[in-house]
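Subject: Structure for your review

Dear colleague,

Please find below the structure that I am handing over to you, followed by an account of what was found in it. I would be grateful if you kept the structure open while reading.

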Amino acid sequence: SDPPRPPPVFQVWRLRRFAVDDSLFAILGPDAARPAMEDAFEVTLSDGARMKRCVLSTNSNHLAYHGAIRELGLVRVASFAQHYDETAPSASAPAPGTTVLTRVIPLCPDGS
């Protein structure tokens, strides 16, 4: 069998801090960790061809606070969760949902 592949690498295109209110936790559910400082980070990732807006898990806020995750830096996305707002009115197409980065590994500038 083939050896396991490492998690994919993405470039952080944009990192934006925002205030958290109850509407975020309505989407993420009751098990989502509430950050002590009541803020979170939106992360736009790129694989070189496409971009995807995500939310950094509040358990990983320290990576952004300390600069381990920064704009134009590289990260491996080891795990993520897709959350949907089930209270939103349904349309002809389902809402795209919110991608929460649950485990992100910052990479050194040399790519290690």
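**The nonpolar core**

The largest nonpolar core has 13 residues, and those touching the most other members are Leu45, Leu56, Ile69 and Leu101. At least two residues of this core come from each of β2 (39–46), β3 (51–56), α2 (61–65), β4 (74–83) and β5 (98–106). Strand β2 supplies the largest share, with 3 residues. Please bear in mind throughout that this is a predicted model.

As general background, nonpolar side chains tend to be buried together in soluble globular proteins.

Which residues does Ile69 contact, leaving aside its neighbours within four places in sequence? They are Val12, Leu15, Leu56, Leu63, Ala64, Val75, Val104 and Pro106.

**Strand pairing**

Some of the residues just named also appear in the pairing of strands. Strands β3 and β5 run parallel and are joined by 2 bridges. Leu56 has Leu101 of β5 standing opposite. Strands β4 and β5, by contrast, run antiparallel, and 8 bridges join them. Val75 has Pro106 in β5 as its bridge partner.

**Salt bridges**

General background is again helpful here: side chains of opposite charge can pair when their charged atoms come close. How many salt bridges does the structure contain? The count comes to 3.

One of these salt bridges joins Arg16 and Glu42, whose closest N and O atoms are 3.4 Å apart. Arg16 lies in strand β1 (residues 9–19) and Glu42 in strand β2, so this pair ties together parts that are 26 residues apart in sequence. Is Glu42 buried or exposed? Glu42 counts as buried because its relative accessibility is 11%, which is under the 20% limit for that class. Arg16, at 33% relative accessibility, counts as partly exposed.

The surroundings of Glu42 may be inspected as well. Not counting residues up to four places away in sequence, Glu42 touches Arg14, Leu15, Arg16, Phe18, Arg53, Cys54 and Val55. Its salt-bridge partner Arg16 is therefore among the residues listed as touching Glu42.

A further salt bridge is formed by the side chains of Arg17 and Asp39, with an N to O distance of 2.5 Å. Since Arg17 lies in strand β1 and Asp39 in strand β2, this pair ties together parts that are 22 residues apart in sequence. Arg17 is partly exposed, with a relative accessible area of 46%, whereas Asp39 is buried, with a relative accessible area of 5%. The side chains of Asp39 and Arg17 also make a polar contact, at 2.5 Å.

What does Asp39 touch, not counting residues up to four places away in sequence? The residues are Arg17, Phe18, Ala19, Val20, Thr58, Asn61 and Tyr65. Phe18 may be noted in particular, as a residue touched by Asp39 and also by Glu42.

The side chains of Asp47 and Arg50 form another salt bridge, with N and O 2.7 Å apart. Asp47 is partly exposed, with a relative accessible area of 37%. Arg50 counts as exposed because its relative accessibility is 58%, which is over the 50% limit for that class.

**The aromatic pair**

The structure holds 1 aromatic pair. Phe41 and Tyr65 have ring centres 5.6 Å apart and ring planes at 70°, so the pair is edge-to-face. An angle over 60 degrees is what places a pair in that class. The two residues link distant parts of the chain, Phe41 being in strand β2 and Tyr65 in helix α2, 24 residues apart.

Phe41 counts as buried, at 6% relative accessibility. Tyr65 is partly exposed, with a relative accessible area of 33%. Tyr65 is also one of the residues that Asp39 touches.

**Strand β2 in summary**

Several of these findings meet in strand β2. This strand supplies 3 residues to the largest nonpolar core. Strand β2 also holds Glu42, the salt-bridge partner of Arg16. Asp39 is found in strand β2 too, and its salt-bridge partner is Arg17. Finally, Phe41 of strand β2 takes part in the aromatic pair with Tyr65.

Yours sincerely,

A colleague

Notes:
Residues numbered from 1 in each chain as written. Predicted model: local features only at pLDDT ≥ 70, side-chain atom pairs only at ≥ 80, totals over all residues. Heavy atoms only, no water. Core = buried A, V, L, I, M, F, W, Y, C linked by side-chain atoms within 4.5 Å. Buried < 20%, exposed > 50% of the residue type's maximum accessible area, 1.4 Å probe, protein only. Helix = DSSP H or I, 4+ residues; strand = E, 2+ residues; numbered from the N terminus. Contact = heavy atoms within 4.5 Å. Salt bridge = Lys/Arg side-chain N within 4 Å of Asp/Glu carboxyl O. Phe/Tyr/Trp six-rings, centres within 6.5 Å; stacked < 30°, edge-to-face > 60°. Pairing = 2+ DSSP bridges. Polar contact = N/O pair within 3.5 Å; in protein donor to acceptor, adjacent residues only side chain to side chain.
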